[in-house]
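Good morning, colleagues. Please take a moment to look at the sequence and the structure on the screen before we begin.

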Amino acid sequence: MKYTTIPNTNIKVSKLCLGTMTFGNQNTEAEGHQQLDYAIESGINFIDTAELYPVPATAETSGRTSEIVGTWLKKSGKRDQVVLASKIAGTGDYTAHIRTNGFSKAAINEAIDLELKRLQTDYIDLYQLHWPERDTNRFGVRTYTLDTQWEDNFNDILNSLDMLVKQGKIKHIGISNENSWGTMRYLQESKTNNLPRIKTIQNAYSLLTRSFETDLAEVSLREHVGLLAYSPMAFGVLSGKYIKGTAEDNARLKLFPRFSRYSSVNATKAAKQYLKIAEEHGLTLAQLSLAFVTQQPFVTSTIIGATTMNQLKENIASIEVSLNDDILKQINAVHDNIPNPAV
């Protein structure tokens, strides 16, 4: 395994982070525990969850993922060996079953206490805002319309999180599914008012979704806000199983077709070309895809997820792969012709 530190901290984390959003839906508790055991044995010390998981979010399953992580933490006794990240859900119809008061002080206090209980721990190392409270172009939306109803509350949010830091319930904070303007506003507020500084941003980033490079990459590198790249496998499309027709009935896009942006005509076309590059160099498409993400200078950790142990083993093994300049040139040639097909 390879390691780095979360920017502006002394927290050592593995360059691969175990994502857990399948636990409690596609994976049972026993399977989740097996994945956690194998990941830790392989050198991964970074685990990511969220209060709304598993995905897709429902009132019946909300919080189940964190409960499974919590029972593993209690059973294994390895809380002090892992860096634990979680998220408070943003607003919207998608999460109305969780709460409707956004990132208010009351919402943040309620969310952290419930999540600590589910996780069976006294603190969370990295607590993230799952997506902005304001309506903006997240989750693959290309166009932008100004949200005239939203009122700036960055300062209020940071003050609420500051109290949790002082209480010892969280150590550091991060954001997710955020854009450059929102990221800079958080940084501005923290600097001006001596409030907790965001350390990470968790956004989608893969061979099919490279929009992070347009401006957030510069923010990340210049402001030292590390990317935790999620969906590096584009919901399994970059495993090659959909292209080859080998996806099983419980594959994510078969179960949840609402995530169709990863399987559009252009996304499929690009994935086929990336598969050809991988095979030319004796790699699997998964290895190529994960190695590409992990070696980007703005990526702190790549969040991997799997529904089977074989998938998990292949994903973790990608840490040994390093893409040379020739491969990167071939990848960028595809990207030039079919830029960001899943955004």
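In which sense do β3 and strand β10 pair, and over how many bridges? Before I answer, please note that this is a predicted model. Strand β3, residues 16-19, and strand β10, residues 299-304, pair in the parallel sense, and they do so over three bridges. Within that pairing, Leu16 has Thr302 as its bridge partner in β10, and Leu18 has Ile304.

Let me stay with β3 for a moment. Leu16 and Leu18 point one way from the strand, while Cys17 and Gly19 point the other way. This fits a general pattern: in a regular strand the side chains alternate between the two faces of the sheet. All four of these β3 residues are buried.

β3 has another partner as well. Two bridges join β3 to strand β4, residues 46-48, and these strands run parallel. Here Gly19 stands opposite Asp48 in β4. The connection between the two strands involves helix α1, residues 29-41: β3, α1 and β4 make a right-handed β-α-β unit.

I now turn to β10. Besides its pairing with β3, β10 is joined to β9 by three bridges, and β9 and β10 run parallel. In that pairing, Leu228 stands opposite Ser301. Six of the six residues of β10 are buried, so the strand is largely enclosed by the rest of the structure. Thr302, which lies in this strand, counts as buried because its relative accessibility is 0%. Leaving aside neighbours within four places in sequence, Thr302 is in contact with residues including Leu16, Cys17, Ala229, Pro232 and Leu290.

Next, the nonpolar core. As a general point, in soluble globular proteins, nonpolar side chains tend to be buried together. In this model the largest nonpolar core has 94 residues, and those that touch the most other members are Phe46, Leu161, Leu208, Tyr274, Leu288, Leu323 and Ile331. Taking Ile331 as the example, and again setting aside neighbours within four places in sequence, we find it in contact with Leu207, Arg210, Tyr274, Ile277, Leu288, Phe292 and Leu323. There is also a second, separate core of seven residues, among them Ala50, Leu52, Val55 and Ala57.

That brings me to the aromatic rings. The structure holds ten aromatic pairs. One of them, Tyr205 with Phe298, is edge-to-face, at 5.4 Å centre to centre and 80° between the planes. What does this pair tie together? Tyr205 lies in the loop between β8 and α6, and Phe298 in the loop between α10 and β10, so the pair ties together parts that are 93 residues apart in sequence. Both Tyr205 and Phe298 are buried.

A contrasting geometry is found in Phe235 and Tyr262: the ring centres are 5.5 Å apart and the planes are at 15°, so this pair is stacked. Phe235 lies in the loop between β9 and α7, and Tyr262 in the loop between α8 and α9, so the pair ties together parts that are 27 residues apart in sequence. Phe235 counts as buried, because its relative accessibility is 8%, and Tyr262 is buried with a relative accessible area of 1%.

Ring pairs also link Trp150, Phe154, Trp181 and Tyr186 into a cluster. The charged end of Arg134 sits over the ring of Trp150, 5.9 Å from its centre. Likewise, the charged end of Lys171 sits over the ring of Tyr123, at 5.0 Å from its centre. Arg134 is also 9.3 Å from Leu146, C-alpha to C-alpha, and the two are twelve residues apart in sequence. Leu146 is placed in the loop between β6 and α4, and at 59% relative accessibility it counts as exposed.

I close with the backbone. Most residues other than glycine have a negative phi, and most peptide bonds are trans. Where does this model depart from that pattern? The peptide bond from Tyr53 to Pro54 is cis, with omega near 10°, and a cis bond also joins Val55 and Pro56, with omega about 0°. Pro54 lies in the loop between β4 and α2, and Pro56 is placed in the loop between β4 and α2 as well. Phe235, already mentioned for its stacked ring, has a positive phi of about 55° although it is not a glycine. Asn340 has a positive phi of about 45°; it is found in the segment after α12 and is buried, with a relative accessible area of 14%.

Key: Residues numbered from 1 in each chain as written. Predicted model: local features only at pLDDT ≥ 70, side-chain atom pairs only at ≥ 80, totals over all residues. Heavy atoms only, no water. Core = buried A, V, L, I, M, F, W, Y, C linked by side-chain atoms within 4.5 Å. Buried < 20%, exposed > 50% of the residue type's maximum accessible area, 1.4 Å probe, protein only. Contact = heavy atoms within 4.5 Å. Helix = DSSP H or I, 4+ residues; strand = E, 2+ residues; numbered from the N terminus. Pairing = 2+ DSSP bridges. Right-handed = clockwise from strand over helix to strand, strands pointing away. Phe/Tyr/Trp six-rings, centres within 6.5 Å; stacked < 30°, edge-to-face > 60°. Lys NZ or Arg CZ within 6 Å of the ring centre and 35° of its normal.
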